[in-house]
Amino acid sequence: MAFVAAVAKRSGNVRGIKRPSTPYLLLIPGIAWLFMFFIYPLINLASTSTQTPAASGEVGAYVQTFRFANYIDAFSGARDQFLRSIVYALIATLLALAISYPLAYAIAFKSGKWKNLLLVLVVAPFFTSFLLRTVAWKQILGNEGPVVAVLKFLHILGPQSGLTASAFAVVTGMTYNFLPFMTLPLYASLERIDPRTLEASSDLYANGITTFRKVTFPLSLPGVVAGTLLTFIPAAGDYINATLLGNPRTKMIGNVIEARFFDIVDYPTAAALSFMLMAAILIMVMVYVRRAGTEELV
Amino acid sequence: MADAAASTKGDLTLSNLVKEFGDFRAVDDLSLVIPEGSFFALLGPSGCGKTTTLRMIAGLEEPTSGKIAIGPTDITYAKPYARPVNTVFQNYALFPHLTIFENVAFGLRRRGVKDVKEQVTKVLELVELAHLAARKPVQLSGGQQQRIAVARAIVNRPALLLLDEPLGALDLKLRRQMQIELKWIQTEVGLTFVHVTHDQEEAMTMADTIAVMNEGRIEQMGTPVELYESPKTVFVANFLGQSNLVKGKVESTNGDDLLVNVHGNRIVVPANRDFSTDNHERSVLIGIRPEKISIEHPEANTLGGGVITDISFVGVSTQFQIQMPWGQELAVFEQNDGGASHLQKGDTVSLSWKPQFTFALDGTADIDAGTSVNPEEE
């Protein structure tokens, strides 16, 4: 860092009196965009979250009264969904990690000439709509579908039970939908590992498992952190999977926010929930990134 | 596995080792014995099979056929982590996520050694980098990383230390310094070192014994002096240092000497320095090293009528290119002791040398073998 700073300082001196303004001009469209579509709505949302219904009693009309108790009310009304979101997102993230790691490892180290094709296949689902793919899981897990048939044949599933409209279906859908976000960063960091460090490890008396634990996995940590964040953050706020694959008892915080906004037209509660979700995710991510210690890694 | 490093000591024996990659035979029926405690160099141009040989000894490559043994123990198909062998990799392959201390401790920890801290500290002191123990590899210079790679390997006291072009990434000055240092470390720890390199000067500086490899086979093996003074093949004569090779025909023998007609001149070659194996029509190549020739100091062997075409001054010596009457250019290195300072381009000179420096090789061999080889990094 000190080095970068020193270089920056020096190049600044070399350029001398007149600093070029082009970089700042180039930033303007981006900043304007961010302000209009991120900063302004965020402020607006913050303001909405402390409003109370207008005296007129008209639906959707609210006035600013700085009622911070809105947050307490909102949370006590949606505590179950809040916790459920975090738990589902965590499970989906761990499942995605468990599925993606071997896949990314195989693509990075073992695929040879098939590497590019496999990477395309990982991304290929993006060519169809997110909604369609989620609906497709309804059929896969449906009572006439192959999964139920196999499970019933193996007597894992009773004759009267099914898989759809369940927590299982929601988590399965989420895991599936976010797999590429886990696989690609994992692949990128695994692919960067110099195979000679793995050879060096085996040369230094580490067998395959030890080499994985002591060399491969630590070196892939940046990918693990990136992949889990890219999966967990959208998964925690997701409501499509819960809507299409769940039942009333699997509602997530995203469903509550959606209902508050569009069905009940209770903007302050929806805004307060959004803010709390954002804060919760931010705190968890910060703790996680600090504990993973990725800044120590090259 | 726990005491893999301590279990076997002894000579390394390679027997009829073959490695094929598809149709390509990288190592071709290689057999050699490397005595315990020696500093052995495998020298050759890139693609000669030396690195493949090393990787087979390390267990990173499986031989197509043949046998590798250390002392009485056959390790041909042993896993790399189960061999008493450690490698210093070409680009060091240090673990970027571990500190220098943990890099060096890696092998000890895997073997469950007790006094890790003591041993690591000791070996870091040996390579004079104990003060960098808490750093990460990226924070070290190339030369320091190189020494850590050596420390990481020798701390395990392997029966065999393999060095794969360990100095290839360093600049010339640092490389010379590291050559001396590595040689010193080898005498200090007394391990068998097998060093793979394309740099003939490096091999000669460091190794007790050099095996010159070409196209998967060993051309010649011996001490640096033997290889340099008595090359047995054209490849060795050209690859190790520089040689003047001139076609000639054996006319007769006189006692212990061969008399060779070289473009009308009579050149004497001691019979015990006649390394030709194929005496087809008695045609030979006579060889003489450039620094053995003197200009205009008559000796028993003389070739006359050469014209100086180029002179380059390189400090300790001056290098002359001399065109002989039959068109061939020969090289002569003269010490800068004042004897040859009057010579100029275009001068006509005679080249003379003592018969005992002459050697004779197969006349049918390709005179350029080993010269056009560009020793670039692999």
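In this predicted model, helix H3 of chain B, spanning residues 100-110, packs against helix H5 of chain B, spanning residues 142-154. The two axes sit 7 Å apart and make an angle of about 30°. Since angles under 35 degrees count as roughly parallel, H3(B) and H5(B) are therefore roughly parallel to each other. As for handedness, the crossing of H3(B) past H5(B) is right-handed.

Looking at who meets whom, H3(B) brings B:Ile100, B:Asn103, B:Val104, B:Phe106 and B:Gly107 to the contact. On the other side, H5(B) answers with B:Ile148, B:Ala151 and B:Arg152. Sorted by class, the residues of this helix-helix contact come out as five nonpolar, two polar and one charged.

Zooming out to the whole of chain B, the domain assignment gives domain 1 as residues 4-229 and domain 2 as residues 242-362. Taken over C-alpha atoms, the centres of these two domains of chain B are separated by 39 Å.

Chain A is also divided into domains, with domain 1 covering residues 21-67 and domain 2 covering residues 70-296. Here the C-alpha centres of domain 1 and domain 2 of chain A lie 30 Å apart. The contact between them draws 11 residues from domain 1 of chain A and eight residues from domain 2 of chain A. On the domain 1 side, helix H2 (22-49) and strand S1 (51-53) of chain A each chip in at least two residues. H2(A) gives the most to that side of domain 1, with four residues. Broken down by class, the side of domain 1 of chain A that touches domain 2 of chain A holds four nonpolar, six polar and one charged residues.

That leaves the interface between the chains. There, 17 residues of chain A are in contact with 18 residues of chain B. On the chain A side, the elements giving two or more residues are helix H9 (195-203) and helix H10 (208-237). H9(A) takes the largest share of the side of chain A that touches chain B, supplying six residues. By class, this side of chain A splits into nine nonpolar, four polar and four charged residues. Both of the helices named for this side, H9(A) and H10(A), fall within the 70-296 range assigned to domain 2 of chain A.

Terms used. Residues are numbered from 1 along each chain as its sequence is written. Chains are lettered from A and ligands numbered from 1 in the order in which they are written. This is a predicted model: local features need pLDDT of at least 70, side-chain atom pairs count only at pLDDT 80 or more; totals for chains, interfaces and linings use all residues. Axes are lines fitted to C-alpha atoms, for helices over the stretch in contact, and angles run from 0 to 180 degrees between N-to-C directions. Angles under 35 degrees count as roughly parallel, over 145 as roughly antiparallel, 65 to 115 as roughly perpendicular and the rest as oblique. A crossing is left-handed if the near helix is turned anticlockwise from the far one by less than a right angle, and right-handed if clockwise. Two residues are in contact if their C-beta atoms, placed from the backbone, lie within 7 Å. Ala, Val, Leu, Ile, Met, Phe, Trp, Tyr, Cys and Pro count as nonpolar, Asp, Glu, Lys and Arg as charged, and the others, Gly among them, as polar. Domain bounds come from an automatic or database domain assignment.
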